[in-house]
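Hi everyone, thanks for making time for this. Let's have a look at the structure together, and I'll walk you through a few residues.

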Amino acid sequence: MTEESPYYSPFFGVMGAAAAMSFSALGAAYGTAKSGTGIAAMSVMRPELVMKSIIPVVMAGIIAIYGLVVGALIANGIKAGGEGGYTLFKGFADFGAGLSVGLSGLAAGFAIGIVGDAGVRGTAQQPRLFVGMILILIFAEVLGLYGLIVSLILITK
């Protein structure tokens, strides 16, 4: 244990890994649930569109994968306090990385859920809305990707 590597520095790395996985999983779960209710409501009128309308659920699931990747990278780099030089700076950087991907994944999951719900219901009534829905979903997904990029930059510091 040194002044730069106190015994509590891994706490922040562990909290970063936990934040990455839990917040991004919350966003993915909300996106899946909200889009799933839209698919269920839409499938009563147009059951042939169920497989086409599953895209928002898949995109919401990708958000959780972002959190899983960052959480695993953070957890892989954590060393016990004082061992191997896991500094306080590294702990804070890992904590920031976890929050970055987690909170952006939460926001992206909310956006995907709301757009997916309204989009599949609208597509059931007007099929020309499908392309617009996909474009909006892509822009919502990119929000989570931005958090992943910032997290990966922070992890490498």
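Let's begin with Ile149, which is partly exposed, with a relative accessible area of 43%. Please keep in mind that what you see is a predicted model. Ile149 sits in helix α4. Together with Leu143, Leu145, Tyr146 and Ile153, Ile149 makes a nonpolar surface patch of about 450 Å².

Now stay on helix α4, which covers residues 129–155, and find Glu141. Which residues does Glu141 touch, leaving out those up to four places away in sequence? The answer is Met59, Ala60, Ile62, Ile63, Tyr66 and Ile112. Glu141 is buried, and yet this residue has no salt bridge. Where is the nearest side chain of opposite charge to Glu141? That side chain belongs to Lys34, and the distance is 17 Å. A salt bridge needs a side-chain nitrogen of Lys or Arg within 4 Å of a carboxyl oxygen of Asp or Glu, so a distance of 17 Å does not qualify.

That brings us to charged pairs. As a general point, side chains of opposite charge can pair when their charged atoms come close. How many salt bridges are counted in this model? The count comes to 4, and I'll show you some of them.

Lys34 is our first stop. The side chain of Lys34 meets that of Asp117 in a salt bridge, at 3.5 Å from N to O. Lys34 lies in helix α1, residues 9–45, while Asp117 lies in helix α3, residues 88–125, so this pair ties together parts that are 83 residues apart in sequence. Are these two buried or partly exposed? Lys34 is partly exposed, with a relative accessible area of 28%, whereas Asp117 is buried, at 11%.

Asp117 has another partner, Arg121, and here the salt bridge is 2.7 Å from N to O. Both Asp117 and Arg121 are in helix α3, 4 residues apart, which is about one turn of the helix. Arg121 is partly exposed, with a relative accessible area of 36%. Put these together and you get a network of salt bridges linking Lys34, Asp117 and Arg121.

Still in helix α3, look for Lys90 and Asp94, again 4 residues apart and about one turn of the helix. These two form a salt bridge, with their closest N and O atoms 3.4 Å apart. Lys90 is buried, with a relative accessible area of 18%, and Asp94 counts as buried too, at 2%.

Next, over to helix α2, residues 55–77, where you will find Asn76. Is Asn76 buried or exposed? Asn76 is exposed, with a relative accessible area of 67%. If you go from Asn76 to Gly144, you travel 68 residues along the chain, and the C-alpha atoms of the two are separated by 22 Å.

Finally, let's step back to the whole chain. An unreviewed UniProt entry places the feature "domain: V-ATPase proteolipid subunit C-like" at residues 15–74 and 95–154. In the model, residues 15–74 are 85% helix and 0% strand, and the C-alpha atoms at the ends of that span are 10 Å apart. For residues 95–154, the figures are 95% helix and 0% strand, with the end C-alpha atoms 9 Å apart.

That's my tour, and I'm happy to take questions.

Conventions: Residues numbered from 1 in each chain as written. Predicted model: local features only at pLDDT ≥ 70, side-chain atom pairs only at ≥ 80, totals over all residues. Heavy atoms only, no water. UniProt positions renumbered as here; feature names shortened; annotations may be inferred. Helix = DSSP H or I, 4+ residues; strand = E, 2+ residues; numbered from the N terminus. Buried < 20%, exposed > 50% of the residue type's maximum accessible area, 1.4 Å probe, protein only. Lys, Arg positive; Asp, Glu negative; His and termini not counted. Contact = heavy atoms within 4.5 Å. Patch = residues over 30% accessible without salt bridge, like charges linked within 9 Å, V, L, I, M, F, W, Y side chains within 5 Å. Areas by Shrake-Rupley, 256 points an atom, 1.4 Å probe, with all protein chains shown as cover.
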